[in-house]
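Please load the model in your viewer and keep the selection panel at hand. The stops below say what to select next and what is found there.

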Amino acid sequence: YTTQQEAAPVAPKVDYKKVAEDVADALDDESHDDGSFGPTLVRLGWHSSGTYDKNSNDGGSDGSGMRFAPESKWGANAGLHKARAVMEKIKSKHPEITYSDLWILAATAAIEEMGGPHIPFRAGRTDKTENKCTPLPDGRLPDADGRDHKDAPADHLRDIFYRMGFNDQEIVALAGAHALGRCHTENSGYWGPWTNAPTTFSNEYFRLLLEEKWTPKKKHEGKAWTGPFQYEDPSGKLMMLPTDIALIQDKAMRPFVEKYAKDEEAFFQDFAKAWVKLTENGCKNLTAEPVW
Ligand code: CCH
């Protein structure tokens with residue numbers, strides 16, 4: 001008889017440092033939002049990872065299924081085609097990196113470039129082909145209105161994040177990424193940035209949660225607000241989602257908001273740990289050591 005031996009796949013050499021530098025160089029764009037693609041790239045990395053289910057052990061960043069329908073068409077992923085288009089430019093310069101590694105490295109590099117911590121990145125994610133992607137059920141990513149827990153949206157966060165293996169402290173730490181970026185009516189229906197410096201990674205989100213007076217948004221640019229229920233600060237320039245306000249309403253979560261508002265270093269450390277977990281969940285063959 002004959003034994004067919006498959007050659008062990010040899011990982012092509014990738015210059016991860018150069019990839020990260022090229023991502024950093026590609027962030028500035030005056031035509032996009034607040035002048036940087038950084039926040040939208042962070043969201044791409046998070047949404048590619050946040051599908052993980054520890055029980056069925058599927059989903060997660062390995063595979064980058066969001067390149068294809070149905071995942072690309074999920075309401076939660078609206079607007080992320082812009083981030084994927086930026087990624088195409090980097091991919092064409094570095095064809096040897098997989099999309100799945102690229103999206104996570106780009107988000108991780110963007111966090112540092114915007115003033116956040118350096119978070120170690122391990123490589124080895126593989127891209128699934130379109131017909132090898134078992135479509136995941138929609139609904140794995142959180143809804144800002146709390147879905148079936150509209151009275152206590154923190155419990156919706158628990159449904160979603162416990163499924164990925166996180167606890168309350170990690171949920172709060174990860175939410176601190178809302179220091180970055182903004183909501184777009186054309187994507188989610190919500191409007192506005194969370195902070196005054198939406199291209200800077202900081203603990204401003206936690207400080208504002210505690211220090212500002214957040215009330216239901218009633219008006220927008222002089223007219224009645226017709227979008228989904230959200231909060232605004234007294235100036236009307238900043239926003240919070242129901243799931244953001246949930247973090248200060250919930251007795252178990254609030255102490256972590258208070259901690260991170262006081263101690264940015266603690267936030268950076270806890271965010272970094274939770275980010276590694278988020279982006280490595282479900283990944284099978286990562287390098288033993290960080291490559292960046
Ligand atoms: Fe988020 N996020 N996010 N988010 N998010 C939105 C935008 C960003 C929720 C809802 C929304 C995380 C957790 C949650 C970012 C990072 C993270 C938007 C606006 C909604 C809605 C989208 C639009 O209109 O374009 C909800 C609900 C949760 C519950 O947990 C986590 C975790 C992270 C990262 C660690 C970033 C960054 C943005 C800004 C994107 C941009 O384009 O500016």
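In which hand of crossing does α6 pass α9? The crossing of α6 past α9 is right-handed, and it makes a convenient first stop in this model, which is a predicted one.

**First stop: α6 and α9**

Select residues 168-175 for α6 and residues 254-262 for α9, and you will have two helices that pack at an angle of about 45°, with their axes 9 Å apart. Because angles of 65 to 115 degrees count as roughly perpendicular and those under 35 degrees as roughly parallel, α6 and α9 are described as oblique to each other. To see the contact itself, show the side chains of D168, Q169, V172 and A173 in α6, which meet F256, V257 and Y260 in α9. Coloured by class, the residues of this contact divide into five nonpolar, one polar and one charged.

**Second stop: α7 against α9**

Keep α9 on display and add residues 204-211, which form helix α7; α7 and α9 pack at an angle of about 120°, with their axes 8 Å apart. That angle makes α7 oblique to α9, and α7 passes α9 in a left-handed crossing. The residues to select in α7 are F206, R207, L209 and L210, and they meet V257, E258, Y260 and A261 in α9. By class, this contact of α7 with α9 has six nonpolar, no polar and two charged residues. V257 and Y260 deserve a label here, since they appear in the contact with α6 and also in the contact with α7.

**Third stop: α3 and α4**

Now select residues 81-93 for α3 and residues 99-113 for α4, a pair that packs at an angle of about 115°, with axes 11 Å apart. The two helices are therefore roughly perpendicular to each other, and their crossing is right-handed. The contact is made by M87, I90 and K91 of α3 together with Y99, L102, W103 and A106 of α4, and by class it has six nonpolar, no polar and one charged residues.

**Fourth stop: the loop between α2 and α3**

Next select the loop between α2 and α3, in which both N57 and P70 lie. Most residues other than glycine have a negative phi, and most peptide bonds are trans. At N57, however, phi is near 50°, a positive value in a residue other than glycine, while the peptide bond from A69 to P70 is cis, with omega near 5°.

**Fifth stop: the shell around the ligand**

Select the ligand and then the 24 residues that surround it, of which the closest are T40, A177, G181, N187 and S188. Which elements each supply at least two residues of this shell? They are α2 (38-49), α6 and β1 (182-183), and the largest share, five residues, comes from α2. Sorted by class, the shell has 13 nonpolar, eight polar and three charged residues.

**Last stop: a sheet of three strands**

Finally, display the open sheet of three strands, whose order is β3-β6-β7 and whose pairing is antiparallel. Its edge strands are β3 (215-216) and β7 (239-240), each of which pairs on one side only. If you zoom in on β3 and on β6, residues 231-232, you will find that these two strands pair in the antiparallel sense over two bridges, and selecting T215 shows it opposite E232 in β6.

Note on methods. Residues numbered from 1 in each chain as written. Predicted model: local features only at pLDDT ≥ 70, side-chain atom pairs only at ≥ 80, totals over all residues. Pairing = 2+ DSSP bridges. Helix = DSSP H or I, 4+ residues; strand = E, 2+ residues; numbered from the N terminus. Axes fitted to C-alpha atoms, helices over the stretch in contact; angles between N-to-C directions. Parallel < 35°, antiparallel > 145°, perpendicular 65-115°, else oblique. Left-handed = near helix turned anticlockwise from the far one by under 90°. Contact = placed C-beta atoms within 7 Å. Nonpolar A, V, L, I, M, F, W, Y, C, P; charged D, E, K, R; others polar. Near = placed C-beta within 6 Å.
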